[in-house]
Every structure is written in structure tokens, then in C-alpha cells.
Amino acid sequence: MQGGGATGRQASAAADDDDDGDGDGDGDDMGDGDEGKVPPWEEEGGFYGLMSRLVRNCQPTLIWSLRKDQVDFKFLRRDQLVNHFGKAGCFTTKIGLSRSLRELPWFHCESADAFYPRCYVLSSEEEKEAFKDDYRITACMSLLRLVGEDAILEPGSIEQDDASEAETKTEGQSETAKSSASAAAGGDGGSPKKSAADASPAKGGHHKDVKRIAPKIQFKSPRPATGDMVAKSVLETAITQCEQLIQNRNHDNLDDWDTASCMSESDWYSFLQSYYRVAHHGAQIRDAKSLKSRCRQLCTELRSEYPQFDIDGCRNAWIVKPGAKSRGRGIFCVRTLESVLELLRQPSAVGVTPNKLVVQKYIERPLLVHRTKFDIRQWFVVTDFNPLTIWWYKDCYVRFCSQHFTLNDFNEAVHLSNNSIQYKYINQANRHPDLPDDNIWDCITLQTHLSSIGQPNVYYDVIYPGMQKAVINSMLCSQDHVEMRKNCFELYGADFMIDENFRPWLLEINCSPTMAPSTEVTTRLCRNVQDDILKVVVDRRQNRACNTGRFELIYKQQQVNAPTYAGVDLTLLGQAVKRPWNASITAPKPERSVSLFAEERRLERERLAALANQRQPAAAATDDSSTSGQSGGAANGHVTKSVNPKLASVANRKQPTKVEIIPINTGLPKKPSNQPSYFRSKRNNKEKKSKMLSAYGQADADGGATQLPRVPR
């Protein structure tokens, strides 16, 4: 085994140093101070250095490395096991996962919108325009929800007792488990602002050595200005756009396209400014009650057509992420469209190039545990991509934020549940006592909590199968893009968010997930995962019925044999050309074609027929017919010679042609021994002709009774 990738916090940090690598490595439990440390297995005088020297000249059968580029696949034997697949970035990076899931309709009947929040790559002009359209229509839906469903902008904005707030479902904004918002706190949330964590003297290594900070969180909603009212036309515009959206989705307006509903850029800008006043600053809409029933009806229709309608909330918050970074680096939230467009014009504000940014819809209505946001880290192993084979680990752990949830402040302590972020902060003073001090639960504790709120079966009936379905669909979409080398496997960590309807939402998939024993729960689970994965990839090779620990096989693709090629047959059949024994090496004789043989035989027959017609036998003068002909001719002064019609018919008769097709470049055809050769010397040909003519004359003298020989062909 090469590399101790599953042990040590330094190991997990080393997996994330490359921002643009093949995967999105996870260094979840590490601080930034550990990045410069030498890994333990690279220390010459350490324990791992001693072990490396002992096996330096041995060929390993299992290679375990933190990064794929540490292994040269070209020099591996076929029987060597490696814990990485090539080109796995198609689903372990945020850009790759977003683009791969768009191919899901080719593999499954549903859309990725059922389990993956909408995501756009800002480097693509087409996707940037699609994001602008999505933001605008989401703002229209938010206004309908505010009016039609009496949506509360922020139930958790007013400080209440923990007992009462524990029972309240807040309309929250949830962020990915990997977000590190340099938080645009307050206002429009546009320009990224450094949080208190950036100024903290965080030390790597053990969390007890870190100086923690108590962040200042703005929980109260901003009070609207006195008499701040928005015109009713803003709500009417939102209703028109939503009606047009439903018609477009159902193809009801193919015959009568309404051009009046199309808005210009200036019209959208004015609409969004009014929307910000209502959704972000609490302004009211004039005479909104008259349109309340229509808004409620449209909300029902939109909920049935769009699976993400319930998680969108009313703030229209989005999260901007680097496409290939981990541990929440370079991630922040925005609430206005202008903030994202300004970021593309001035990317130096976050230190990330625009061609590597993605923007994803925030889950604004998450499931909260005692007013606190959380996410789930779930492990799974892929042992083969052809056929696709996925092993699911039955245990997982839950990660909590250190502060109560609110949409009025985008501080990372409120929204980022990464342990690499939360260990910097002091837990909120009035937190519920059931929440752990180290912000980590196992899945059994989560199930106990769900049972306490009246949902004892929701974990195994809704959450558990929903997470499996999301992972299987993601792997199917990425299967054709991964290098399918046999004797490879890889452990992945998927992050899920649960909404208030207990539906799991896939946020991202990480390669090289952290195995650092940072807490009591992770110490126990990570050790068990490493033991059980060896049972799957090593023990099961020898015994298919062996114990695989807590891993279970959830998907095994049927083996499909490659079909035979049914196109044009390009096979070339034939035999080698052999040179005749008497041919010249430098200038071989040109071979004669079949048509040339037939032409020579035809000319020979014509020549023989002409000679037969010109010959006048001497015995014809004594014949009766000849005598009578002579007397009659003498009277007229002419001498007439009579020709036997049999001879003329025989001479002019065309003999049947026998054509023998021979392969090209194979020499002359072989003639049977009982037939004369077609080609003789000139002397033999003359003898044949003279004998034949003599036979003609004898036949004429006998009165045509003699059987004439056939003309040689």
C-alpha cells in the first residue's frame, strides 16, 4: 500500500492543494495553517519513512494515494489495485457535475431538477443568459408566493425563546456543505465582504488549539421605510410572466404567441428594483389583496410543474462557487442579479477567474434542527464503471453550523456547515442543549430526532432512498467520461441537504473525502469505513460471499456486450500474387486478359472461313451440275463455277465460343490433356490449315457425304 491517505489531518489537506485538479478533494477538518506541513509518510525519519524503505524494492499489489497524479497509470500492471479512476472530474468538480447531470434524460425518465439545485457555469455566454432568465422568473415566483401564500420573509428574524423556535419551520436559506461565504452581509448581499473568520488566527491541527471567535450575526429583518409602497403593476407583471411560463412549458401558445409579454432589459431592471424593495426590505404592494386568489392558484400550478418551487423561498438567494475548489474556499452568497454581473466584470474581488465560477440556487427552505442548519456527508465506493458497480455505506454523519439560521446575514458561521469552517467559531450561547459541542451527529442520532418530531420512518422511507437515487443517476451520467480501467476503485463523499419536506438534495460529490479523526463520531466512523472498504476491494476478490461490513451493493449494471459492426464490410480477401517461373524479375510480362483471348479466336475463325471460300476444287469440273453450268455459261460467253452449299454453310458457321474466366495475375489457363492447345508455333498452325482445306476438297468431291471435322477454336 502506498500513501496513508486515510490517516492524519495533513493527509486530507494535501488532497486539496490543487484547485484545478481532476477532482474536488475534501479537506473538511483542516485549517489553512496545515497546508505547508510535510505529510508524515514523506518524513524520512518518521514511521512511514521507515516502512517505505523496507518495501522500496517490492512491487505493491494495492496502491492508495491521496491524489490521482501521484500514480503513473502507464507503468501499472493489470493486477495492481489503485484507489483512483482517471478523468473523474466530470462529477467530482462543480462544473463537471453540473454539465454531466444535464444528460440525465438519456438515462432516466426524470430531470436532475428533482434532486440537484439549478446550477450554471458563468464562463459560458449561453449559460450566463440562462441564469439571468432564471433569476428574473424566480423573482416573479417569489412575489406570487409572498402574496398568494402569505409567505413570511424571515420567521427567525425576531429573537424568541429556544423552546418556541425549535417548533418553528423557518424559511431559511441553506448553502452547500462546502460554502465558505466571504459573506455579503446585510444590504443586497452583492459585493463580497471578508468575514470575521478571515481575521481569525486559526491554527491547523487540533481544534482545541484554535482561538475561536464569536461572530456578530444580524438576526432582525430591516424595518421598511414608513409609507414605502410598490405599485400594483409590479405584481401584475409577475402574474403575466408566470402565466406565460406555464403556457410555454405546456406548449399552449404555439399558435398565438403573445409578444406583449416580452420585456426589454430596461423593463426588467425596473421590475427587479421594485422586487428588491418588497423581498429584501419589507415594502408593501398596493391593493395586493385583489390579486391574492390568482396568485394562490398560480402557485399551485407552478408547484406541480417545477420540483424546486418549494425550496426557492422569497429572497432569490444564489451561491457563487469556484468550479474546482474545496473546503468552502472562495464561496459567497448573492441576492441581486447586478452583484453577479459585477463579479464577472471585476473577478479580483474574490480572487477567482470568471471562467471557473458557477452559480447555484440556494435552498432557502431547509430542514432545521433546533433553529440550526445542517447537512449530511454520505460515503460510497465505485469499484467499476463498466459495468457500473456502486457500494453504499450504511452509516453517515451530520454536520451542524455553530449559529442559528437566518437569511438576514450571510456570515459563513450561519450557512457553512463544513467542520473546517465551524471549528473557528464559538457556538452560539443560547443554542439548544441537544446540539453537540463538536457539531457532529451520526445518522442514528438524527433518526432519533426525527422520531421525536413525529417522523419515525421518514429517514429510511424518504431520505435514505432519495440519496441513493441521486448518486446512481449522477454516476450514470458520468459513466462514459471516466477512464474505465479494471482493478480500480475510489471512495467518494457526497454532501446532501434536506429541505423542510424531508427531500434530500445533492450539493456536490468529493473525491478523497477526509478521514481525519477530528471528533468522536468521525474517529469511529472513518476507521470503520477504511476497514470495510478493504473487505470490498480485496477480500471479495477471493471470496464473493465474504463479509463486506457496512457496505451494501446498491447498483450493478447489466453487462452489455459490444454489438458487431453492421456497416460496410471493409475486409479484403484474396491471395498473394506469384511471379511466373520464366518471367523476368526486372520487367515481368504483361498478362493477357480474357477478352484478348476471345478476340484472337474470333479473328482466327474469320480467316479460316475466308480461305475456304476462295479455294476452288479441281474435281468440280466433272460434276453434272458443273457440266450443265459450263454449257449454259459457254453459250453466254462466261464460265460459272458452282459451290457446294454445305461447304459454304460449314465455312460460315459460327462456332460456339467457350470462355474460361481465370483470376488475374495467376498465369495462363491449364488445358485438359485430351484437347489441342490453343497456342502453337506457326508451323503447326500451317499444317492444321492445309489438312483442313484438304478435307474440305475431299468432301466436295464426294458430294458432301463426308463428315467434316470441327474447326479448332
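How many helices and strands does the secondary structure of the chain comprise? The chain has 19 helices and 14 strands. The model on display is predicted.

**The whole chain**

Begin with the entire chain selected. Of its 713 residues, 48% count as buried. Display the accessible surface next: this surface comes to about 36500 Å², and carbon and sulfur atoms contribute 52% of it. Contacts may then be considered. Among those with a separation of 6 or more, 75% join residues that are 24 or more positions apart.

**The largest nonpolar core**

In soluble globular proteins, nonpolar side chains tend to be buried together. Select Phe91, Ile376, Phe380, Met475 and Tyr492. Within the largest nonpolar core, which has 58 residues, these five touch the most other members. Now colour helix H14 (residues 458–478), which gives the most to this core, with 11 residues. Where does this core lie with respect to domain 1 and domain 2? Both domain 1 (90–116 + 366–556) and domain 2 (118–152 + 221–253 + 262–362) give residues to the core, so it lies between them. A second core, separate from this one, has 48 residues, including Trp268, Ile285, Leu291 and Leu343.

**The hairpin of S12 and S13**

Proceed to strands S12 (residues 490–498) and S13, which pair in the antiparallel sense over seven bridges. Within this pairing, Asp495 stands opposite Glu508 in S13. Five residues lie between the strands of the hairpin, where Phe502 takes a positive phi near 65°. Is strand S13 (residues 504–511) largely enclosed or open? Eight of its eight residues are buried, so strand S13 is largely enclosed by the rest of the structure.

**Helix H7 and Gln244**

Select helix H7 (residues 232–250), in which Gln244 is found. Gln244 counts as buried because its relative accessibility is 9%, under the 20% limit. Add Cys262 to the selection: Gln244 and Cys262 are 18 residues apart in sequence, and their C-alpha atoms are 9.5 Å apart in space.

**The cysteines**

Finally, select the cysteines. A disulfide is a covalent bond between the sulfur atoms of two cysteines. How many disulfides does a search of the whole structure find? The search finds zero. Why is Cys299 not bonded to Cys295? The sulfur of Cys295 is the closest cysteine sulfur to that of Cys299, but the distance is 6.7 Å, which is too far for a bond; a disulfide requires sulfur atoms within 2.5 Å. Cys299 is buried, with a relative accessible area of 0%, and Cys526 is also buried, at 3%.

Key. Residues numbered from 1 in each chain as written. Predicted model: local features only at pLDDT ≥ 70, side-chain atom pairs only at ≥ 80, totals over all residues. Heavy atoms only, no water. Helix = DSSP H or I, 4+ residues; strand = E, 2+ residues; numbered from the N terminus. Buried < 20%, exposed > 50% of the residue type's maximum accessible area, 1.4 Å probe, protein only. Contact = heavy atoms within 4.5 Å. Areas by Shrake-Rupley, 256 points an atom, 1.4 Å probe, with all protein chains shown as cover. Core = buried A, V, L, I, M, F, W, Y, C linked by side-chain atoms within 4.5 Å. Domains from an automatic or database assignment. Pairing = 2+ DSSP bridges.
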